[in-house]
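Colleague: I am new to this structure and should be grateful for a close look at a single part of it. Please take one residue as the point of departure and describe its surroundings in a connected account.

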Amino acid sequence: MSNPAAREVVRRWVEAWNAGDPAAVRDLTAPGFVRHDANFPDVVGPDAEMQFAASALAAFPDLHFTVNHVVAEGDLVADHLTGTGTHQGQFLGVPATGRAVRFETMETYRVEDGQVLEQWVLMDVLGLLQQLGAGPSPGPV
């Protein structure tokens with residue numbers, strides 16, 4: 001069954017990222033928060049998530065997510081996002097390139113008491129690094 005309240009929390013979460021507001025991201029993060037990301041170590045707790053957001057936004061100050069799809073059932077919300085931004089600070093050891101990037105991410109959130117308690121992220125970091133000139137060139141498979 002769809003959960004409009006959980007969908008609204010995730011909508012505000014994406015909005016906080018789009019506003020470039022790490023403190024608002026922290027405020028939507030539950031005390032027991034854990035971000036599970038296939039590309040990075042787990043992020044644990046609201047302050048760690050705020051630092052993660054601040055770091056990502058320092059690398060891509062104009063980072064913006066477009067929501068392509070959202071599905072909600074019970075306390076889970078899943079979305080498919082397209083991220084865009086300009087690489088203006090260090091990201092994964094890659095110095096600023098000034099290059100525009102576009103990437104896809106699929107995220108699932110567990111929402112409890114109006115906050116994000118848990119998040120699972122599958123983001124195309126390889127494609128992102130390739131756009132920055134730091135990953136292997138795409139070629140035939």
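**Phe-40 and its surroundings**

Modeller: A suitable point of departure is Phe-40, a residue of strand 2, which covers residues 40-44. The model is a predicted one, and the values below are computed from it.

Consider first what Phe-40 touches. Leaving aside the neighbours within four places in sequence, Phe-40 is in contact with Phe-52, Phe-91, Leu-92 and Val-125. One of these partners, Leu-92, stands 52 residues from Phe-40 in sequence, yet the two C-alpha atoms are 9.9 Å apart in space.

Leu-92 itself deserves a remark. Leu-92 belongs to the loop between strand 4 and strand 5. The phi angle of Leu-92 is positive, about 50°, although the residue is not a glycine. Leu-92 counts as partly exposed because its relative accessibility is 45%. A second residue of this kind is Asp-113, where phi is positive at about 55° and the residue is again not a glycine. Asp-113 is placed in the loop between strand 5 and strand 6. With a relative accessibility of 74%, Asp-113 therefore counts as exposed.

We return to Phe-40 and to the strand pairing around it. In strand 1, Asp-37 stands opposite Phe-40 of strand 2. These two strands pair in the antiparallel sense, over 3 bridges, and a hairpin of 2 residues joins strand 1 to strand 2. Strand 1 is also joined to strand 6, by 5 bridges, and that pair runs parallel. Within the parallel pair, Arg-35 stands opposite Gln-119 of strand 6.

Asp-37, the residue across from Phe-40, lies in strand 1, which comprises residues 29-37. Is there a charged partner for it, and which side chain of opposite charge is nearest to Asp-37? Asp-37 is buried and has no salt bridge, and the nearest side chain of opposite charge is that of Arg-35, 4.0 Å away. A polar atom of the Asp-37 side chain does lie 2.8 Å from the backbone nitrogen of Asn-39. Leaving aside neighbours within four places in sequence, Asp-37 is in contact with Asp-42 and Val-121.

Arg-35 leads onward to Trp-13. Apart from neighbours within four places in sequence, Trp-13 is in contact with Val-25, Leu-28, Thr-29, Phe-33, Arg-35, Glu-49, Tyr-109, Val-116 and Gln-119. Both members of the opposed pair Arg-35 and Gln-119 thus appear among the contacts of Trp-13.

Trp-13 also has a place in the largest nonpolar core. This core has 35 residues, and those that touch the most other members are Trp-13, Trp-17, Phe-60 and Tyr-109. Two or more residues of the core come from each of helix 1 (4-18), strand 2, helix 3 (46-59), strand 3 (64-73), strand 4 (76-86), strand 5 (100-112), strand 6 (115-123) and helix 4 (125-131). Helix 1 gives the largest share, 7 residues. Strand 2, the strand that holds Phe-40, is among the contributing elements.

It remains to set the unpaired Asp-37 beside the charged residues that do pair. Side chains of opposite charge can pair when their charged atoms come close. A search of the whole structure finds 5 salt bridges. One of them links the side chains of Arg-110 and Glu-118, with a nitrogen-to-oxygen distance of 2.7 Å. Arg-110 is partly exposed because its relative accessible area is 24%, whereas Glu-118, with a relative accessible area of 16%, is buried. Elsewhere, Glu-8, Arg-11 and Glu-15 are joined into one network by salt bridges that share partners. Within this network, the side chains of Arg-11 and Glu-15 meet at 2.5 Å, N to O. Both residues lie in helix 1, 4 residues apart, or about one turn of the helix. Arg-11 counts as partly exposed, since its relative accessibility is 40%, and Glu-15 counts as partly exposed at 45%. A further salt bridge is formed by Asp-27 and Arg-26, at 3.5 Å, N to O. At 27% relative accessibility, Arg-26 counts as partly exposed.

In brief, Phe-40 stands opposite Asp-37, and Asp-37 is buried without a salt bridge. Phe-40 is also in contact with Leu-92, a residue of the loop between strand 4 and strand 5.

Conventions
Residues numbered from 1 in each chain as written. Predicted model: local features only at pLDDT ≥ 70, side-chain atom pairs only at ≥ 80, totals over all residues. Heavy atoms only, no water. Contact = heavy atoms within 4.5 Å. Core = buried A, V, L, I, M, F, W, Y, C linked by side-chain atoms within 4.5 Å. Buried < 20%, exposed > 50% of the residue type's maximum accessible area, 1.4 Å probe, protein only. Lys, Arg positive; Asp, Glu negative; His and termini not counted. Polar contact = N/O pair within 3.5 Å; in protein donor to acceptor, adjacent residues only side chain to side chain. Pairing = 2+ DSSP bridges.
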